[in-house]
Amino acid sequence: MSGRSGAISHTTLHEATKGNRLPSWETTVEFVKACGADPAVYRERWESANRAVRSTGSPAVHADLPDGRPAETRPETSAPVPAPPSSEAQPPPPARGLRPAHPAALAAAAVVLVTAAVLVVVAVNRGSPPGGQTLGVSGSSSAVAFSPVHCPVPATNPPWAAPLYEGDKAEFVEDVTLPDCTRVAAGQTVTKVWRLRNAGSVPWKGYSLRRLDVTQRADQCQTISDVPIADTRPGETVDIRTDVTTPREPGLCYVRFKMVDASGAIVFPGSRPINFQLIIDGR
């Protein structure tokens with residue numbers, strides 16, 4: 001995460017996850033950015049947590065530099081991240097008459113904030129930005145371990161974005177095999193098949209599904225990184241299949257893909273990733 005950020009040390013990020021104190025907004029920004037999300041979405045949550053800290057009589061949270069120096073020694077180099085638009089739902093203000101928070105409660109608030117940043121990796125289901133950029137690993141779902149009780153993992157819509165090619169459109173038809181929460185034995189190879197429809201006016205030629213979490217751990221379901229899509233004309237449906245090798249330990253496999261063109265550019269940055277969710281039973 002520190003490498004992705006390029007602006008904050010791994011020591012500061014580690015301190016943010018310990019929950020001993022509320023991370024500064026600057027630290028939170030870098031944490032959220034390293035998870036591939038928009039810091040503006042989390043600004044109001046951080047402000048609410050900071051208000052709770054101040055209500056106990058603690059000093060305001062200072063910004064942290066990568067080397068741990070206080071923010072007062074740093075020249076201003078960037079504009080602050082704007083708060084979410086007023087049209088978004090805002091959390092209610094803290095109730096009046098609250099007793100000063102216990103230090104453990106403050107630590108819990110910090111953990112909740114940082115955990116929310118990590119969960120966005122899987123909950124927001126982002127693709128890369130529009131404009132033909134290639135797919136990165138910022139959408140990796142491997143940062144959070146799910147268990148069968150989470151199945152089906154809900155998907156949320158990413159921010160609106162136009163398709164890479166005007167008039168292009170894809171529609172999910174059905175899971176031909178292995179619908180969500182199908183139980184599969186550990187250490188087996190099965191075949192997942194999705195059915196999609198080319199609902200636009202652009203032929204699909206050289207398209208594929210690219211796996212988001214390209215670093216595959218031993219406790220994950222294993223697949224090829226790029227699943228080819230047969231050339232599909234507008235109005236046609238296509239079955240897309242990939243072999244899936246399940247891990248040797250029980251759990252939940254939640255694996256996501258984004259459609260890319262022949263050059264590796266994301267075709268539908270504003271659409272939810274396609275996924276499969278398998279419950280792995282012990283042998």
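## A tour from pocket to ring cluster

Start with the largest pocket: 29 residues line it, and F172, S271, R272, P273 and I274 lie nearest its centre. Select those five to centre your view on the pocket. Keep in mind that this is a predicted model.

How is such a space found? Rolling a probe the size of a water molecule over the atoms shows where empty space is left. In this pocket, the space comes to about 600 Å³.

**Stop 1: the walls.** Now select four strands: β1 (170-175), β3 (189-198), β7 (251-260) and β8 (274-281). Each one supplies at least two residues of the pocket lining. Which strand gives the largest share of the lining? Strand β1 does, with four residues.

Next, colour the lining by residue type. You should find 18 nonpolar residues, four polar ones and seven charged ones.

**Stop 2: the first ring pair.** Hide the lining and turn to aromatic rings. The model has four aromatic pairs. Select W194 and F257 for one of them. The ring centres are 5.5 Å apart. The planes meet at 70°, and an angle over 60 degrees counts as edge-to-face, so the W194 and F257 pair is edge-to-face.

Trace the chain between the two. W194 sits in strand β3 and F257 in strand β7, 63 residues apart, and the pair links these distant parts of the chain.

Are these two rings buried or exposed? Buried means under 20% relative accessible area. W194 has 0%, so W194 is buried. F257 also has 0%, so F257 is buried as well.

**Stop 3: a second partner.** Keep F257 selected and add F276. These two form another aromatic pair, with 6.3 Å from centre to centre. The angle between the planes is 40°, and the pair is tilted. F257 lies in strand β7 and F276 in strand β8, so this pair ties together parts that are 19 residues apart in sequence. F276 is buried too, at 0% relative accessible area.

Show all three side chains together. Ring pairs link W194, F257 and F276 into a cluster.

**Stop 4: a helix.** Move to helix α3, residues 25-34, and select T28 within the helix. What is the relative accessibility of T28? The value is 5%, so T28 counts as buried.

Finally, add S24. Which atom of S24 should you look for? Pick the backbone oxygen, which lies 2.9 Å from a polar atom of the T28 side chain.

Methods
Residues numbered from 1 in each chain as written. Predicted model: local features only at pLDDT ≥ 70, side-chain atom pairs only at ≥ 80, totals over all residues. Heavy atoms only, no water. 1 Å grid on protein atoms, 1.4 Å probe; cavity = no way out; pocket = protein on both sides within 12 Å on 5 of 7 lines; lining within 4 Å. Points joined across faces, edges and corners; volume = space filled by probe spheres on them. Nonpolar A, V, L, I, M, F, W, Y, C, P; charged D, E, K, R; others polar. Phe/Tyr/Trp six-rings, centres within 6.5 Å; stacked < 30°, edge-to-face > 60°. Buried < 20%, exposed > 50% of the residue type's maximum accessible area, 1.4 Å probe, protein only. Polar contact = N/O pair within 3.5 Å; in protein donor to acceptor, adjacent residues only side chain to side chain.
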